[in-house]
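Student: I would like a close look at one part of this model. Please take the salt bridges and go through them pair by pair.

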Amino acid sequence: MFQIKEFLLKTKSAVVGFFKKIYNFIKNKKDAYEQYYRDQGQEVNWKKAFKRSISIIFRVIARVVSYMFNIVATILLVCIITGIISGTIFIFYLKSNIDPEIDINVLKTEQNATSKFYYYDKQGEPVEIEEERIHGSENRIWVSIDQMPEHLKDAFIAIEDHRFRDHSGVDWYRTLGAVKNFFLPSGGSFGGSTITQQLIKNLTGEDEVTIQRKVQEIFRALYLEKKMSKDEILELYLNTIYLSQGCSGVKTAAYTYFGKDVSELSLVECAALASITKYPTKFDPVQNPDNNTDRRNTVLKTMLRYGLINQREFDEAFDQELVINLQKDQTNNSNSVSSYYVDAAIEDIIADLMEEKGVGREIASNMLYSGGLNIYLCMDPEVQNIMEKAYTDENTFSKSDHNLIIKPQSAMVVCDPKGDCLGIVGGRGEKLLNRGLNYATQTKRSPGSSIKPLSVYGPALELGLITPGTIVDDIPYSFDKNYNDWPKNVTKTYQGLKTVAYAVRVSLNTSAIRVLDLVGIERSYEFTQKLGLESLEEKYITSSGAEMTDLGQAPLAMGATTLGVTVREMASAYTTFRNNGIHTKSRTYSLVTDANGNTVLNNKQVSTSVFSEETVNTMTKMMEAVAKDKSMKIGKYMPIAGKTGTSMFSHDMWFCGFTPYYVAATWYGFEDPKTLPNTGSAPAVFAFDNVMMKLHENIIEGLENGSLSPKSFYEDDDLIQVDICASSGLLYNPDTCGLDPRHNQCETLYYAPGTQPTEYCNKHILVDFCADYKCIANDSCPNKIKQALVLETKRSFPVFTYVVDAQYIYRPLGASLPYSSDRYPVFQNAIQSGKYIGITRTDKKAANSLCTRH
């Protein structure tokens with residue numbers, strides 16, 4: 001605006017200046033002629049002077065006109081070229097970014113049919129689950145246009161789009177008015193969307209404020225008007241419009257607000273419903289009756305103005321009291337409560353319909369509930385029934401939480417090793433609601449250490465960065481400015497030099513951080529995405545504007561995630577270890593067809609190769625040790641492997657694991673995250689074990705009576721058993737490692753062929769020990785024996801730090817004098833001043849201290 005005004009002022013100034021110059025030119029010429037003739041003593045010949053002046057003026061004007069013409073021609077040429085370029089770019093943009101078509105077949109499905117669910121029996125034949133039939137969407141009942149009163153149709157047309165019957169999907173007058181109002185705000189109200197455009201928005205769910213979305217909406221509206229009649233469009237619109245109080249469509253709204261069928265609505269009731277659409281909550285006749293009255297009167301005035309009602313009808317309805325007869329949802333026509341599995345399948349199907357058909361949630365939900373679809377589930381009904389019964393049995397959970405007033409919640413997902421979901425329970429106790437909160441699929445919680453095999457150790461094995469015997473020093477990774485160490489282990493202690501296998505077994509956080517450093521944050525995150533952990537956030541903006549991310553050490557190495565992951569995601573990820581390193585996206589259904597058997601959705605398995613067979617075998621063996629430590633009952637009958645997880649402040653507890661037959665993930669925690677009480681060492685493990693025992697009852701019976709052959713995770717030659725030194729990761733040497741004062745340095749591990757160590761330990765150093773006081777001997781000690789301490793030269797802390805193996809560390813004295821103390825090592829003087837290598841909490845003399853008793 002400012003630039004246009006400035007240009008006009010400059011143009012005015014130039015024109016005025018031009019004419020001033022002509023005037024001054026003529027005046028100067030006149031004075032010059034008068035002077036010339038006076039000098040000649042002659043009379044002024046004004047006729048001749050005038051002719052000459054006019055000739056000069058015309059020559060000047062001609063030059064100016066020619067100059068102006070060249071400018072205008074140049075500008076016009078530039079505009080034409082710019083228009084051609086812009087038009088070409090716009091056409092290319094439309095072809096590349098705009099999809100003008102919309103699948104109208106999904107809009108013409110049967111609107112009042114019942115959808116059915118099926119599972120496949122052991123012979124592969126579909127069997128209907130009769131108690132899981134669904135009919136009638138989320139508080140919506142379809143009504144044909146013929147059953148709607150004329151006043152209802154006219155009320156919506158009048159207030160929303162009074163030229164609806166005349167335009168071709170787009171009201172160009174209103175659209176141009178909206179554009180003008182956008183660039184040159186006039187304070188008027190210009191809504192550019194027609195009923196057809198609003199329908200497009202309702203169907204697709206696309207409502208972002210962008211030029212691309214608006215252009216696509218316009219083209220789709222034009223397309224829709226060519227494919228459907230006005231009545232068909234209006235019927236769809238009036239059945240999908242949201243009318244507050246949870247009502248979608250006019251039939252449900254008529255019953256909810258007035259307790260009557262839509263065909264029985266009066267004029268004032270029709271106007272009341274039409275009033276709601278602009279701002280449903282603001283104009284809700286129950287919540288804001290005064291607002292609805294004002295808007296209702298506006299609707300009536302608009303109807304009168306366009307001749308849709310007469311004066312008598314207007315006078316009778318204007319300011320008339322609206323009688324509300326509020327009713328409960330009439331669509332819940334079944335007393336049965338669906339399973340958590342069916343709830344999850346419904347959500348999956350709605351999401352896939354939205355993506356596949358390009359429609360919004362409302363229309364996708366209606367297609368599912370009332371489209372007469374046949375849905376083929378991946379569910380195993382036996383697994384589902386066992387899980388549901390187990391989760392209503394208090395004995396499934398740790399006895400120590402039975403007396404709590406508010407009991408922790410729990411959820412579990414069981415998958416086939418190939419990836420499909422076989423059973424889902426989304427809460428503890430009896431399920432009372434359809435489509436209620438499902439803790440297995442809808443809530444996200446921090447997975448704690450259960451993420452480590454997926455984001456740290458599995459990737460590191462796959463990249464050849466570690467083996468089970470790789471030594472990682474379990475010491476603080478860093479210190480802050482106040483010398484607080486980070487990270488902490490669950491046990492609140494540091495173990496020192498430990499193998500990766502040990503770190504996995506006892507969930508050492510520092511080891512996971514250091515191995516993650518080897519893998520790299522970006523590569524680790526890429527592995528999690530291949531494994532289906534889509535809830536991890538690459539970039540998340542909080543309500544306060546702060547930016548958070550799961551591309552970091554704490555989220556990937558310790559499971560301290562931004563929002564968390566779902567139980568279903570974790571179960572699905574762990575199937576990779578039972579599927580030869582291939583992750584297959586979990587499914588709740590495989591196929592959806594219409595009533596005629598035509599395919600609506602074909603949910604084919606989507607698989608990604610993540611780990612090699614060697615990585616899977618090695619990781620599984622390490623996780624077997626985790627399960628063995630938990631003394632699980634199922635482990636008495638068959639192999640069991642898995643990983644525990646505890647989130648920060650003990651808000652969440654997990655166990656994710658598998659047998660040769662099933663893969664499962666269990667979560668345990670409060671609905672609103674808070675610290676769990678001391679309900680036993682591992683309540684998630686307890687629940688997991690109990691459910692798994694019930695799932696495997698028939699298998700256990702078959703194994704015991706010999707009708708079934710035992711299954712294993714591996715073939716005989718998949719792994720090589722090796723005895724290694726627990727402090728060096730090299731082959732165990734009994735002549736040195738065997739003389740370690742701890743007497744526990746032989747660790748048996750399993751390696752993929754070709755990754756096992758081939759050299760013997762060279763880290764254990766033989767020293768003279770005082771046999772009486774179990775420390776390094778001095779020259780006066782009468783009874784000396786040979787013992788071996790571990791050579792370590794890299795530790796350096798800014799403060800005293802407790803490390804369990806600190807007393808078994810050895811460093812050469814060099815030129816330093818021996819340090820005499822019961823707690824500190826003999827080589828303390830060889831350590832840089834102000835630096836420390838750690839001390840061990842012990843009442844006895846440290847093994848690497850110098851004997852001071854002799």
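Tutor: What follows is a walk through the salt bridges, with the burial of each partner. The model is predicted. The count of salt bridges comes to 26. Three pairs are taken up here in turn.

Start with Asp171 and Arg163. Their side chains meet in a salt bridge, with N to O at 2.9 Å. The two partners sit in unlike surroundings. Asp171 has a relative accessibility of 4% and counts as buried. Arg163 has a relative accessible area of 26% and is partly exposed. The cut-off that matters is 20%: under that value, a residue is called buried.

Next, Glu347 and Arg361. Here the side chains meet at 3.1 Å, N to O. Glu347 belongs to helix α12, residues 340–357, while Arg361 belongs to helix α13, residues 361–370, so the salt bridge ties together parts 14 residues apart in sequence. What about cover? Glu347 is partly exposed, at a relative accessible area of 24%. Arg361 also counts as partly exposed, at 34% relative accessibility.

Now Lys845 and Asp822. The closest N and O atoms of this salt bridge are 2.6 Å apart. The pair links distant parts of the chain, 23 residues apart. Both Lys845 and Asp822 are placed in the segment after β24, which spans 809–810. Lys845 is buried, with a relative accessible area of 10%. Asp822 counts as partly exposed, at 30% relative accessibility.

Go back to the second pair, for it has company. Salt bridges with shared partners join Glu347, Arg361 and Arg435 into one network.

Set the partners side by side. In the pair of Asp171 and Arg163, the acid is the buried partner and the arginine is partly exposed. In the pair of Lys845 and Asp822, the lysine is the buried partner and the acid is partly exposed. In the helix pair, Glu347 is partly exposed, and so is Arg361.

One contrast from elsewhere on the surface. Tyr67, Met68, Ile71 and Ile75 make a nonpolar patch of about 400 Å². One of them, Ile75, is found in helix α2, residues 46–97. Ile75 is partly exposed, with a relative accessible area of 48%.

Definitions and conventions:
Residues are numbered from 1 along each chain as its sequence is written. This is a predicted model: local features need pLDDT of at least 70, side-chain atom pairs count only at pLDDT 80 or more; totals for chains, interfaces and linings use all residues. Side-chain values use heavy atoms; hydrogens and water are left out. Patches are made of residues with over 30% relative accessible area and no salt bridge: like charges are joined within 9 Å, nonpolar side chains (Val, Leu, Ile, Met, Phe, Trp, Tyr) within 5 Å. Accessible areas come from the Shrake-Rupley method with a 1.4 Å probe; for residues, only the protein chains shown count as cover. A salt bridge is a side-chain nitrogen of Lys or Arg within 4 Å of a carboxyl oxygen of Asp or Glu. Helices (H or I, at least four residues) and strands (E, at least two) are DSSP runs, numbered from the N terminus. Buried means under 20% relative accessible area, exposed over 50%, partly exposed in between (1.4 Å probe, protein chains only).
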